[in-house]
Amino acid sequence: MIQKPRGTVDLYDKKVKEFFALEMIIRNIVDLYNYSEIKTPIFESTDLFLRGVGSETDIVSKEMYTFNDKKNRSLTLKPEGTAPTVRAILENKMYINENLPLKLFYFSNMFRYERPQNGRQRQFTQFGVEVFGPKNALIDSEVLCLAVNILNAIGIENYSVHLNYLATGENRQKYIADLKIQLSTLQLCDDCQTRINTNPLRVLDCKVDSAKFSDIKDMKEYLSQEDQTQYSHLKTTLDNLAIKYQEDKLLVRGLDYYTGYVFEIKDKNGSTLLGGGRFDNLVNELGQVDLPAAGFGMGIERIVLALEEANISLSEQTTLDAYIIGLSDKAKQFSNILLLMLRSAGLKVDFDYMNRSMKSAFKQSEKLNAQNIIIIGDNELKENVVVIKNQITKTEQKVNFDQIVETIMKGK
């Protein structure tokens, strides 16, 4: 038997409903914040991620699904959503001043070749927001506030907001030089030993050696006066909004395009629920357009897992307005007309297509949580009636054909 690829999952029944309910809640919230949806292709030019994400990041160096098409062009299933969004903005000239601030969101499948584990798959669904144009504490706090708003709305509690600020320009290079000297004195894993020379900031992401970094220099000590002012304004704004946070000098995120403030929101076990920050240089690097930006990404599978652990269900129990049981061939044929009539009236109905016994059909109606059972046989056809059993009131009545919809509607 052919099985699904490793690192993928089949979603059905309750799980699909939870995904859909979560998406609808998020969509309602981003609409309140006046964000517009953007959809980009599921694959892009490989060069977009090499330039946009960083060739030395784990995503690009280890995790991308890359292939050549029939004309030998290198394409990659997108591993993240920011670089494709920037590409779309540049290509479609969405950066004109009348559009700013440009506030976008997306839901999309992403692909990363990494070790599958609970809440982390090789194909996953990501929700993300990106804001282009302004560079100030007000928009930075809005992005973070939106993330907090979503978690609060779906009932996730006991999370913590981790905040850091990454130096830029020459100050960043000075910090990296000092960091490399300090890291070279530590006994680190093989990956970290490689990263010291290729991408030293990524060392601070290491989960194996994280306990060894308590004395690591704080990048915030290297901030320019402008960055210090920006960070101070952000913290003041968050304080005014009563958003609690803790500063984390080891927080650098796993993507090279971040500049300025970065944040992650973690659950009570320390697992990251979502993360983001500011990436002011990415648009310019990809398209020579000066357009500051900030945003965050959220793995939907991780959020669903957090909801399961908290015993929170977002989707409503499936109910039917009516379940129809036909007792004869003629009654079954007429049931098609009845189904169309009820569905056209906006009622959710189904029919016993499996020719079950009366007892089994009733059990099926209970499984589907039908509020009414409609029974029709040859005798009912002769009388132009059906029998309606209301499962809520436990009453039964004969109803004329022309009053079926009205009777079901009254019981809703």
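**Reading contacts, burial and ring pairs in a predicted model**

User: Which residues does Tyr257 contact, leaving aside its neighbours within four places in sequence?

Analyst: In this predicted model, Tyr257 is in contact with Gly52, Val53, Glu80, Thr82, Arg278, Phe279 and Leu282, leaving aside neighbours within four places in sequence. Tyr257 sits in the loop between strand E8 (246-247) and strand E9 (260-266).

User: Why is Tyr257 called buried?

Analyst: Buried means under 20% relative accessible area. Tyr257 has a relative accessibility of 4%, so Tyr257 counts as buried.

User: What makes the link between the side chains of Tyr257 and Thr82 a polar contact?

Analyst: A polar contact needs a pair of N or O atoms within 3.5 Å, one able to donate a hydrogen and the other to accept it. The side chains of Tyr257 and Thr82 are joined by such a contact at 3.3 Å. Both residues appear in the UniProt list for "binding site", which comes from an unreviewed entry.

User: Why does Gln126 count as buried?

Analyst: The cut-off is under 20% relative accessible area. Gln126 has 10%, and therefore counts as buried. Gln126 is also in that UniProt "binding site" list, and its place is in strand E6 (residues 123-132). The side chain of Gln126 reaches the backbone nitrogen of Gly81 at 3.5 Å.

User: Why is the pair of Phe351 and Tyr353 called edge-to-face?

Analyst: Rings pair if their centres lie within 6.5 Å, and planes over 60 degrees apart count as edge-to-face. For Phe351 and Tyr353 the centres are 5.0 Å apart and the planes at 80°, so the pair is edge-to-face. Phe351 is buried because its relative accessibility is 8%. Tyr353 has a relative accessible area of 47%, so Tyr353 is partly exposed.

User: What makes the pair of Phe105 and Phe127 tilted?

Analyst: Under 30 degrees counts as stacked, over 60 as edge-to-face, and the rest as tilted. Phe105 and Phe127 have 45° between the planes and lie 6.3 Å centre to centre, which makes their pair tilted. Phe105 lies in strand E5 (residues 102-111) and Phe127 in strand E6, so the pair ties together parts that are 22 residues apart in sequence. Both Phe105 and Phe127 are buried. They belong to one aromatic cluster with Phe107, Tyr261, Phe263 and Phe296.

User: How do you know that E2 pairs with strand E4?

Analyst: Pairing requires at least two bridges between two strands. E2 and strand E4 (residues 74-77) are joined by 3 bridges and run antiparallel. One bridge partner of this kind is Leu75 in E4, opposite Ser45.

Conventions: Residues are numbered from 1 along each chain as its sequence is written. This is a predicted model: local features need pLDDT of at least 70, side-chain atom pairs count only at pLDDT 80 or more; totals for chains, interfaces and linings use all residues. Side-chain values use heavy atoms; hydrogens and water are left out. Helices (H or I, at least four residues) and strands (E, at least two) are DSSP runs, numbered from the N terminus. UniProt positions are given in the numbering used here, feature names are shortened, and annotations may be inferred rather than shown by experiment. Buried means under 20% relative accessible area, exposed over 50%, partly exposed in between (1.4 Å probe, protein chains only). Contact means heavy atoms within 4.5 Å. Rings of Phe, Tyr and Trp (its six-membered ring) pair if their centres lie within 6.5 Å; planes under 30 degrees apart count as stacked, over 60 as edge-to-face and the rest as tilted.
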